[in-house]
Amino acid sequence: DWSVKQLVDAVQTMFGFKISLQTGYRFMEQHKDVFSFQVSTSLGKKRTGEGLYNAVMTFTDRYEQFLQKKKLPPCAIVNYDECRIVLNDHSIIQVKRFVSKKKNKPQHVAKVKGRHCGTFLPFVGANGELLASYFILPAKFDEKGGGTAQLTLPSTFSRTRKGMPPPLLFFNETGYLNTAIFDQILDHFTSVWEQHHPGLHCCLIGDNLASHRDLKILQKALDHGIYPTFLVEGTTHWSQPLDNLLFASLKQEIG
């Protein structure tokens with residue numbers, strides 16, 4: 001997914017030709033059978049800043065060395081990420097970007113506004129196996145720690161795929177992941193992993209959310225042969241596999 005300016009910069013970097021933005025737009029018009037403009041959320045400075053390319057190249061080099069050393073099978077390379085569940089309507093167009101017509105990423109179409117009603121957190125192996133999944137749902141708690149939760153979803157949400165492990169539910173006042181809940185989630189995932197793949201190490205790939213990077217949680221994971229790996233900050237809008245695959249389909253269904 002590139003803006004026209006990024007296309008112009010790429011042409012100069014890769015082929016040594018300096019072209020204008022107008023030429024970039026004409027190129028798009030000539031090849032509109034292959035590319036199309038789509039509405040997208042704008043990218044912040046952290047996602048387009050200086051040094052990002054070098055950081056990605058360093059990550060890729062180190063990650064390749066790690067995989068060659070560990071020789072892990074695809075089932076042992078596990079990706080996790082949170083997805084907000086929102087009962088939504090679409091917001092105003094912000095910026096135009098273009099993508100291949102074969103691509104279908106609804107999270108790039110427009111910002112989502114609406115009532116946040118929970119967080120979905122799956123752990124998926126590179127072989128396609130859903131190892132575990134979790135929901136963090138909002139609830140009101142009283143002084144004694146008691147609470148009530150009421151969540152109304154469309155009837156289509158009652159269906160689950162056969163063989164899918166039942167998700168574990170957590171509750172807090174916001175419905176968002178925090179360090180305390182992630183600590184419990186990683187404990188549960190570790191037990192699931194050791195039960196499914198005893199003696200096999202695991203490379204666990206996630207983003208740079210603060211709760212993912214708690215030092216005590218990281219040490220506990222390493223003690224059990226779970227190697228937390230973090231995608232380069234500012235790149236997860238294109239480098240996060242779950243965002244490109246599973247969540248894109250999920251957001252289409254919710255939308």
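**Exercise 1. Which residues in helix H5 (residues 215–223) are buried?**

*Solution.* The structure is a predicted model.

Step 1. Buried means under 20% relative accessible area. In H5, Ile-217, Leu-218 and Ala-221 are buried.

Step 2. These residues lie on the same side of H5, because they cover an arc of only 100° around the axis.

Step 3. The buried residues of H5 pack against helix H4 (179–196) and strand E11 (226–230).

Step 4. On the face turned away from the buried side, H5 carries the exposed residues Leu-215, Lys-216 and Asp-223.

Step 5. Consider next what borders the helix. At the start of H5, the backbone nitrogen of Lys-216 has a side-chain oxygen of Asp-214 within 3.2 Å. Gly-225, with a positive phi near 75°, follows H5.

**Exercise 2. Determine which residues are linked with Lys-220 in a network of salt bridges.**

*Solution.*

Step 1. Lys-220 and Asp-183 meet through their side chains in a salt bridge of 2.7 Å, N to O. Asp-183 belongs to helix H4 and Lys-220 to helix H5, so this pair ties together parts that are 37 residues apart in sequence.

Step 2. Lys-220 also forms a salt bridge with Asp-187, with the closest N and O atoms 3.3 Å apart. This pair, too, links distant parts of the chain, since Asp-187 is in helix H4 and Lys-220 in helix H5, 33 residues apart.

Step 3. Asp-183, Asp-187 and Lys-220 are thus linked in a network of salt bridges.

Step 4. Assign the accessibility class of each member. Asp-183 is partly exposed at 24%, Lys-220 is partly exposed at 30%, and Asp-187 is partly exposed at 36%.

**Exercise 3. Describe the salt bridge between Asp-9 and Lys-5.**

*Solution.*

Step 1. The closest N and O atoms of Asp-9 and Lys-5 are 3.2 Å apart.

Step 2. About one helical turn separates the two residues, because they are 4 residues apart in helix H1.

Step 3. Asp-9 has 35% relative accessibility and therefore counts as partly exposed.

Step 4. In the whole structure, a search finds 4 salt bridges.

**Exercise 4. Is Ser-133 buried or exposed, and with which residues is Ser-133 in contact?**

*Solution.*

Step 1. Ser-133 is located in strand E6 (residues 130–138).

Step 2. Its relative accessibility is 2%, so Ser-133 counts as buried.

Step 3. Leaving aside neighbours within four places in sequence, Ser-133 is in contact with Phe-120, Leu-121, Pro-122, Met-164, Pro-165, Pro-167 and Leu-168.

Terms used
Residues are numbered from 1 along each chain as its sequence is written. This is a predicted model: local features need pLDDT of at least 70, side-chain atom pairs count only at pLDDT 80 or more; totals for chains, interfaces and linings use all residues. Side-chain values use heavy atoms; hydrogens and water are left out. Buried means under 20% relative accessible area, exposed over 50%, partly exposed in between (1.4 Å probe, protein chains only). The arc is that of the directions from the helix axis to the C-beta atoms. Contact means heavy atoms within 4.5 Å. A polar contact is a pair of N or O atoms within 3.5 Å; within protein, one must be able to donate a hydrogen and the other to accept it, and residues adjacent in sequence count only if both atoms are side-chain atoms.
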